[in-house]
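Reader: Could you take me through the disulfide in this model? I would like a close look at that one part, together with its surroundings.

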Amino acid sequence: MRKLLPAAVLLALACTAAHAETIGSVDTVFKLIGPDHKIVVEAYDDPRVAGVSCYLSRAKTGGIKGAVGLAEDKADAAVACRQVGPLQFKGKLPRQEEVFTERASIFFKHVRVVRMVDSKRNALVYLVYSDRLIEGSPKNSVTAVAVPGDQPIPVR
């Protein structure tokens, strides 16, 4: 089992970085050994709505545990999604769908972004929250992208 742990850590780290583009970060707490605690800003492109990018800021734990991927990040996160180009829908969208997930600990905690369709206002609403196998966090953030009135959102 001890031989499998380093491989699991590397796999978890590889999965974490695969979907996000890091925009930048700021240090929040100096750590003598290992990386500092920081807030990281990452960009995600909505996989089903071309022209929408979401910017997620979240805490990353440093220190020795953070350096080897064993730390559990705090549940604090914020999201801001914006139209960054012409909107193109890749098929019909479900009314609610998880569009991004990022590990916040090696095993059981994730930061999730869910897209919801507000047909009445012709908008895409994005919610970020943290979950955990046993107990999630009520901390969350929400943002919306207005879709032009002459471009209805295709909903399943």
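Author: Happy to; what follows goes from the disulfide to the strands around it and then out to the chain. Please keep in mind that this is a predicted model.

Let us start with the bond itself. The structure holds one disulfide, and its partners are Cys54 and Cys81, with an S to S distance of 2.0 Å. Cys54 lies in strand β3, which covers residues 49-60, and Cys81 in strand β4, residues 77-89, so the pair ties together parts that are 27 residues apart in sequence. If you look along the S-S bond, the angle about it is 105°, and the link of Cys54 and Cys81 is right-handed.

How open to solvent are the two cysteines? Cys54 has a relative accessible area of 1% and is buried. Cys81 also counts as buried, at 1% relative accessibility.

Next, have a look at Ser53, a residue of strand β3. Ser53 counts as buried because its relative accessibility is 7%, and the cut-off for that label is under 20%. The side chain of Ser53 makes a polar contact of 2.5 Å with the side chain of Asp45. Setting aside neighbours within four places in sequence, Ser53 touches Cys81, one half of the disulfide, along with Tyr44, Asp45, Ala80, Arg82 and Val84.

Strands β3 and β4 also have a part in the nonpolar interior. The largest nonpolar core has 23 residues, and those with the most contacts inside it are Leu56, Leu124, Tyr126 and Ile153. At least two residues of this core come from each of β3, β4, β5 (96-103), β6 (109-118) and β7 (123-132). The largest share belongs to β4, with five residues. Leu124 is a good place to see how that core is put together: beyond its neighbours within four places in sequence, its contacts include Val49, Phe89, Leu93, Met116, Val117, Val145 and Ile153.

Finally, step back to the chain that holds all this. There are two helices and eight strands, and from the N terminus on they run α-β-β-β-α-β-β-β-β-β. Of the 156 residues, 38% count as buried. Among contacts with a separation of 6 or more, 51% are between residues 24 or more positions apart. The chain exposes about 9300 Å², of which carbon and sulfur atoms supply 59%.

Technical notes. Residues are numbered from 1 along each chain as its sequence is written. This is a predicted model: local features need pLDDT of at least 70, side-chain atom pairs count only at pLDDT 80 or more; totals for chains, interfaces and linings use all residues. Side-chain values use heavy atoms; hydrogens and water are left out. A disulfide is a pair of cysteine sulfur atoms within 2.5 Å. Helices (H or I, at least four residues) and strands (E, at least two) are DSSP runs, numbered from the N terminus. Buried means under 20% relative accessible area, exposed over 50%, partly exposed in between (1.4 Å probe, protein chains only). Contact means heavy atoms within 4.5 Å. Accessible areas come from the Shrake-Rupley method with a 1.4 Å probe; for residues, only the protein chains shown count as cover. A nonpolar core is a set of buried Ala, Val, Leu, Ile, Met, Phe, Trp, Tyr and Cys residues joined through side-chain atoms within 4.5 Å. A polar contact is a pair of N or O atoms within 3.5 Å; within protein, one must be able to donate a hydrogen and the other to accept it, and residues adjacent in sequence count only if both atoms are side-chain atoms.
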